[in-house]
Amino acid sequence: MKTLIVYISYHHGNTEKIAKAMGEVLESELRDPESTKPESVSEYDLIGFASGNYFGKFDKRLVSFIDSLPRGICKPAFIFSTHGGESYKQAHEELKKRLGEKGLNVVGEWHCKAFDTFGPLKLMGGINKGRPNEADVQDAKRFAEGLRSK
Ligand SMILES: Cc1cc2nc3c(=O)[nH]c(=O)nc-3n(C[C@H](O)[C@H](O)[C@H](O)COP(=O)(O)O)c2cc1C
C-alpha cells in the first residue's frame, strides 16, 4: 500500500514525532505541503494530513494545500493533530469537511496533547512536558496498524 503523510510541525516537532511513528508502520512517504504536488496525491492508496493546532486550527499551509487538491480524488485519508490545550474537535471537523469536498474519505483520526510553550506558557516552562511520550507514540502506532488493516 502506497501511503503519503503530508504534515506541518514547526513548534517543537511534536507532530513530526507522531508522523514518523505512523510513517514507520505504514511505510509512508513523509512530506511537507509546500514540496508536494497536489496532482501527485491521487497516486497514493492512503493519505494522511497532519499538523499541530495553531490558534484552534490546522496549519494554514496544510489547509491551503488541501484546497489546492483536484476534486474527486476518492481515496481513503486520515488526519491527526497534536495540541497543547483541550480542544481539537472543531479543527478536525473543519479539515474532514474540506477533505470530503475533494472526495477524500476520512477513515480515521487521531490526536494527542503535546508540549506547548506558546506565548505566556513559555514563562512557566510550558505545558504537557515530554509529550508526545512513549505511550502516545505507541498509541499512534496502534492507530496506524488499524489503518493498514482497513
Ligand atoms: C502559534 C501557536 C498557536 C497555538 N495555538 C494553540 C491552540 O489554539 N490550541 C492548542 O491546543 N494548542 C495551541 N498551540 C500548541 C500546539 O498545538 C502544540 O504545541 C503542538 O503540539 C505543536 O505542534 P508541532 O510541534 O508539531 O508544531 C499553539 C502553538 C503555537 C506555536
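I count a residue as near the ligand if one of its heavy atoms lies within 4 Å of it. Note to self: this is a predicted model.

**Entry 1: the shell**

I started with the ligand's surroundings. By that cut-off, 20 residues surround the ligand. Ser 9, Asn 53, Tyr 54, Thr 82 and Gly 85 are the closest. How does the shell divide into nonpolar, polar and charged residues? I got six nonpolar, 13 polar and one charged.

**Entry 2: polar atoms at the ligand**

Next I looked up N and O atoms close to the ligand's own. The side chain of Tyr 54 has an N or O atom 2.5 Å from an oxygen atom of the ligand. Tyr 54 is also on my list of closest residues. At His 12 the backbone supplies the atom: a backbone N or O there lies 2.7 Å from a ligand oxygen. Phe 55 uses its backbone as well, with an N or O atom 2.9 Å from a nitrogen atom of the ligand.

How much of the ligand's accessible area does the protein cover? On its own the ligand has 640 Å², and the protein covers 91% of that.

**Entry 3: where the ligand sits**

I checked the pockets and found the ligand in the largest one. Which elements give two or more residues to the shell? They are helix H1 (14–26) and strand E4 (76–83).

**Entry 4: Phe 55 again**

I came back to Phe 55 for its backbone angles. Phi is near 55° here, a positive value in a residue that isn't glycine. I flagged this because most residues other than glycine have a negative phi. Phe 55 belongs to the loop between strand E3 (46–52) and helix H2 (60–68), and its backbone is what comes within 2.9 Å of the ligand nitrogen.

**Entry 5: the loop between E5 and H4**

I then moved to the loop that joins strand E5 (105–113) and helix H4 (134–148), where I found Asn 128. Which backbone oxygens lie by the polar atoms of its side chain? Gly 84 has its backbone oxygen 2.9 Å from a polar side-chain atom of Asn 128. For Ala 114, the backbone oxygen is 3.0 Å from such an atom. Setting aside neighbours within four places in sequence, I listed the contacts of Asn 128 as His 83, Gly 84, Lys 113, Ala 114 and Phe 115.

Pro 132 is in the loop between E5 and H4 too. I looked at the peptide bond from Arg 131 to Pro 132, and it is cis, with omega near 5°. That one got a flag because most peptide bonds are trans.

Methods. Residues numbered from 1 in each chain as written. Predicted model: local features only at pLDDT ≥ 70, side-chain atom pairs only at ≥ 80, totals over all residues. Heavy atoms only, no water. Polar contact = N/O pair within 3.5 Å; in protein donor to acceptor, adjacent residues only side chain to side chain. Areas by Shrake-Rupley, 256 points an atom, 1.4 Å probe, with all protein chains shown as cover. 1 Å grid on protein atoms, 1.4 Å probe; cavity = no way out; pocket = protein on both sides within 12 Å on 5 of 7 lines; lining within 4 Å. Sits in = over half its atoms within 2 Å of the grid points. Helix = DSSP H or I, 4+ residues; strand = E, 2+ residues; numbered from the N terminus. Nonpolar A, V, L, I, M, F, W, Y, C, P; charged D, E, K, R; others polar. Contact = heavy atoms within 4.5 Å.
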